[in-house]
Amino acid sequence: MPKLAAFPKAFMQALCKDGSMTVSEWIELAVQLDIDGLEWYAGFLEMADEANWKRFRQQVESHGKVIPMMCCSPDFTHPDPAFRASEIAKQKRWIDMTYALGGSYCRVLSGQRRPELTVEEGVQLAADSIEACLPYAREHGITLIIENHYKDDFWEYPEFAQKMDVFCQLVDRIHDPNFGVNYDPSNTFLAGEEPLELLDRVVNRVVTMHASDRYLLSGTIEDLRREEGGAVGYAKRLSHGEIGKGLNDYDAIFTKLKAVGFDGWISIEDGVDGMAQLERSVAFLRRKMAEYWPAVPVD
């Protein structure tokens with residue numbers, strides 16, 4: 001059966017910008033949930049001090065949980081080789097961080113969709129940079145996971161490989177046992193595309209998943225596709241919502257994942273309205289996971 005983790009989506013400003021919440025406070029909240037682990041973020045303010053890495057791992061593991069996944073945002077599509085070399089160095093440090101925390105999966109991205117880049121140029125830059133990180137990841141027993149992403153909070157442009165065709169072209173360029181896909185169905189809506197269509201195309205490469213949900217504030221999916229395709233900025237018609245009450249079809253998603261033997265981590269990136277919402281999302285996913293991956297009876 002897959003395992004369930006949670007990410008502090010509602011507390012990113014507090015943990016990463018103004019310091020109004022400590023990582024230890026987030027841990028103490030999260031371990032009360034019916035989850036197996038906590039997805040980490042490289043940009044937590046307190047992670048700048050490497051002395052904290054071991055301490056946070058011990059705090060999480062003292063509650064019987066683990067830190068399986070690291071969320072970080074390398075920008076590999078910059079035209080300057082020196083900039084890309086710096087991003088590769090950052091990614092290797094994030095691999096170190098993942099390893100120190102006891103994790104197995106560290107996110108990579110393509111980079112920003114800079115207007116001067118052609119698709120082929122961007123795919124080549126991103127693939128070359130990811131491949132430059134793979135030997136280091138392999139040495140540490142870490143799998144690099146590329147997400148069909150929308151946009152890092154601190155980027156000027158959206159994700160280069162946001163669109164399905166570009167994302168699949170990049171994934172198809174890299175074949176390595178320490179590389180796979182972190183599938184995020186909600187981000188597909190932000191690209192004006194179909195989550196299940198993307199899943200069909202990459203399902204055999206999926207090793208982890210982000211679980212969230214979106215709902216339309218107004219209009220239709222067709223309106224979203226017309227207005228948001230290629231736009232800079234967040235999709236104004238879409239909002240975060242409680243998992244199981246939005247646009248994602250988790251029955252279809254889990255049917256497809258189960259069919260290919262998926263048993264990786266599913267991390268909740270939702271709960272923007274607080275812990276009560278996050279608890280309900282956990283409960284929904286636990287029910288669905290038990291339905292599609294029932295426990296094997298013991299003889």
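**Two pockets and a helix pair**

Helix 10 (residues 250-259) packs against helix 11 (residues 275-292) at an angle of about 45°, and their axes sit 10 Å apart. That angle makes helix 10 oblique to helix 11. Keep in mind that this is a predicted model. Besides the helix pair, here's a look at two pockets: the largest, at about 530 Å³, and the second largest, at about 340 Å³.

**Helix 10 and helix 11**

- The crossing of helix 10 past helix 11 is right-handed.
- On the helix 10 side, the contact uses Tyr 250, Asp 251, Phe 254, Thr 255 and Lys 258.
- Helix 11 brings Phe 284, Leu 285, Lys 288, Met 289, Glu 291 and Tyr 292 to that contact.
- Sorted by class, the contact residues of this pair come out as six nonpolar, one polar and four charged.

**Largest pocket**

- This pocket has a volume of about 530 Å³.
- It's lined by 21 residues, and the ones closest to its centre are Lys 9, His 149, Lys 151, Asp 152 and Asp 153.
- Its lining splits into nine charged, seven nonpolar and five polar residues.

**Second largest pocket**

- Here you get about 340 Å³ of space.
- The lining takes 20 residues, with Tyr 41, Ser 73, Lys 90, Trp 94 and Phe 154 nearest the centre.
- Helix 4 (residues 81-100) supplies the largest share of that lining, six residues.
- By class, the lining of the second largest pocket has 13 nonpolar residues, five charged and two polar.

Notes. Residues are numbered from 1 along each chain as its sequence is written. This is a predicted model: local features need pLDDT of at least 70, side-chain atom pairs count only at pLDDT 80 or more; totals for chains, interfaces and linings use all residues. Side-chain values use heavy atoms; hydrogens and water are left out. On a 1 Å grid over the protein atoms alone, a cavity is a set of points where a 1.4 Å probe fits but cannot get out, and a pocket is an open set with protein on both sides within 12 Å along at least five of seven lines; lining residues have an atom within 4 Å of a point. Grid points are joined across faces, edges and corners, and a volume is the space filled by probe spheres set on the points. Ala, Val, Leu, Ile, Met, Phe, Trp, Tyr, Cys and Pro count as nonpolar, Asp, Glu, Lys and Arg as charged, and the others, Gly among them, as polar. Helices (H or I, at least four residues) and strands (E, at least two) are DSSP runs, numbered from the N terminus. Axes are lines fitted to C-alpha atoms, for helices over the stretch in contact, and angles run from 0 to 180 degrees between N-to-C directions. Angles under 35 degrees count as roughly parallel, over 145 as roughly antiparallel, 65 to 115 as roughly perpendicular and the rest as oblique. A crossing is left-handed if the near helix is turned anticlockwise from the far one by less than a right angle, and right-handed if clockwise. Contact means heavy atoms within 4.5 Å.
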